[in-house]
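Here is a short report on one protein chain. Look over the sequence and the structure first, then read on.

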Amino acid sequence: AEYMGTLSECLFFFAREACAGGCMSLRGMLVGCTGLANRDIVGVTDAFVLLEVTGHDEKIRSSRKDDSLNPQWNEPFEFSGIRRPAEQRLLIKVYDHDRLQADEKVGFGVFPLHNLLRDEATQVSVELFETTHARVPTGCCKLWLTALGWGAERSDRPQSPRMAAVERALAMELAQGDGHVLRRQDIAELLLELGHEPTPSLLDAVMRVVDRDRDGRIDAAEQRRLQTYKLA
């Protein structure tokens with residue numbers, strides 16, 4: 001299933017948190033992985049997971065589950081003091097423990113923290129790939145995640161006639177497969193409609209999050225990634 005937030009909601013929340021700076025704790029439960037690639041020449045993968053948050057020094061390592069391509073952990077974890085959370089991502093790295101040589105990476109997954117709702121536990125399913133660049137699927141990781149004291153709330157619904165018109169046009173163009181592009185000036189005008197003063201620093205903060213390829217434009221793929229995340 002998917003949760004789809006509107007473009008106005010996403011921009012509103014990003015701008016609100018960018019203005020406030022923002023700091024959060026991330027509480028979670030590592031549930032398990034399914035369909036892991038087997039990295040053992042003899043036997044089956046002995047998996048463990050390394051969790052990190054970008055911009056944060058702490059790393060959390062799970063216990064090891066031997067001889068399973070569908071390991072289950074149900075282990076709690078927590079990261080505290082995460083700064084600029086709208087810009088950060090949870091990194092999920094699954095390894096195969098090797099007793100004789102270096103541990104081998106099984107899969108790599110990413111979950112943007114801006115997709116979480118404030119103080120609401122959300123079950124997510126994150127696809128794992130061979131590397132950050134080679135999009136070869138190597139399994140799936142399931143977690144429960146809660147953003148403590150930060151993030152969007154379901155009751156927040158910023159309203160703007162102009163934003164509603166933009167969202168209708170965006171939905172039509174995405175359905176047709178056309179390239180609907182928003183530029184920095186468009187974002188400034190939309191933020192103003194939502195009640196935020198589009199100062200250069202605020203625009204920089206919002207663009208850092210939404211303009212993933214740093215080309216100064218927010219294309220349809222970036223808008224879709226901004227608005228949607230998968231629920232388990």
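## The chain as a whole

The chain holds five helices and twelve strands. Keep in mind that this is a predicted model. The chain has 232 residues, and 47% of them are buried.

Now consider contacts along the chain. Take those with a separation of 6 or more: 69% of them join residues 24 or more positions apart.

## Two residues in strand E6

Strand E6 covers residues 89-96. Lys93 lies in this strand, and Asp96 is found there too. Both carry charged side chains. Are they buried or exposed? Lys93 counts as buried, at 15% relative accessibility. Asp96 is buried as well, with a relative accessible area of 1%. The cut-off explains both labels: a residue is called buried because its relative accessible area is under 20%.

What does the side chain of Lys93 meet? A polar contact of 2.9 Å joins it to the side chain of Glu52. Leave out residues up to four places away in sequence, and Lys93 touches Phe48, Val49, Leu50, Glu52, Gly107 and Phe108. Glu52 thus appears both as a polar partner and in the list of touching residues.

Asp96 has a polar contact of another kind. Its side chain reaches the backbone nitrogen of Asp46 at 2.8 Å. With the same residues left out, those up to four places away in sequence, Asp96 touches Arg39, Asp40, Thr45, Asp46, Asp103, Glu104 and Val106.

## The second largest pocket

Asp96 also helps to line a pocket. The second largest pocket holds about 280 Å³ of space. Its lining has 16 residues, and the closest to its centre are Asp40, Ile41, Val42, Asp96 and Asp98. Asp40 is also one of the residues that Asp96 touches.

What kinds of residues make up the lining? Nine are charged, four are nonpolar and three are polar.

## Cysteines without a disulfide

How many disulfides does the whole structure have? A search finds zero. Cys141 shows how a pair can miss. The closest cysteine sulfur to its own is in Cys33, 3.8 Å away. That is too far for a bond, because a disulfide needs two cysteine sulfur atoms within 2.5 Å.

Accessibility varies among the cysteines. Cys141 is buried, with a relative accessible area of 0%. Cys23 is partly exposed, at 41%.

## Two positive phi angles

Most residues other than glycine have a negative phi. Which residues here have a positive value without being glycine? Asp67 is one of them, with phi near 55°. Asn74 is another, with a phi of about 55°.

Where do they sit? Asp67 is in the loop between strand E4, residues 59-61, and strand E5, residues 72-83. Asn74 is in strand E5 itself.

Their labels for accessibility are not alike. Asp67 is exposed, with a relative accessible area of 55%. Asn74 is partly exposed, at 49%. The line between the labels is drawn at 50%, so Asp67 passes it while Asn74 does not.

Notes
Residues numbered from 1 in each chain as written. Predicted model: local features only at pLDDT ≥ 70, side-chain atom pairs only at ≥ 80, totals over all residues. Heavy atoms only, no water. Helix = DSSP H or I, 4+ residues; strand = E, 2+ residues; numbered from the N terminus. Buried < 20%, exposed > 50% of the residue type's maximum accessible area, 1.4 Å probe, protein only. 1 Å grid on protein atoms, 1.4 Å probe; cavity = no way out; pocket = protein on both sides within 12 Å on 5 of 7 lines; lining within 4 Å. Points joined across faces, edges and corners; volume = space filled by probe spheres on them. Polar contact = N/O pair within 3.5 Å; in protein donor to acceptor, adjacent residues only side chain to side chain. Contact = heavy atoms within 4.5 Å.
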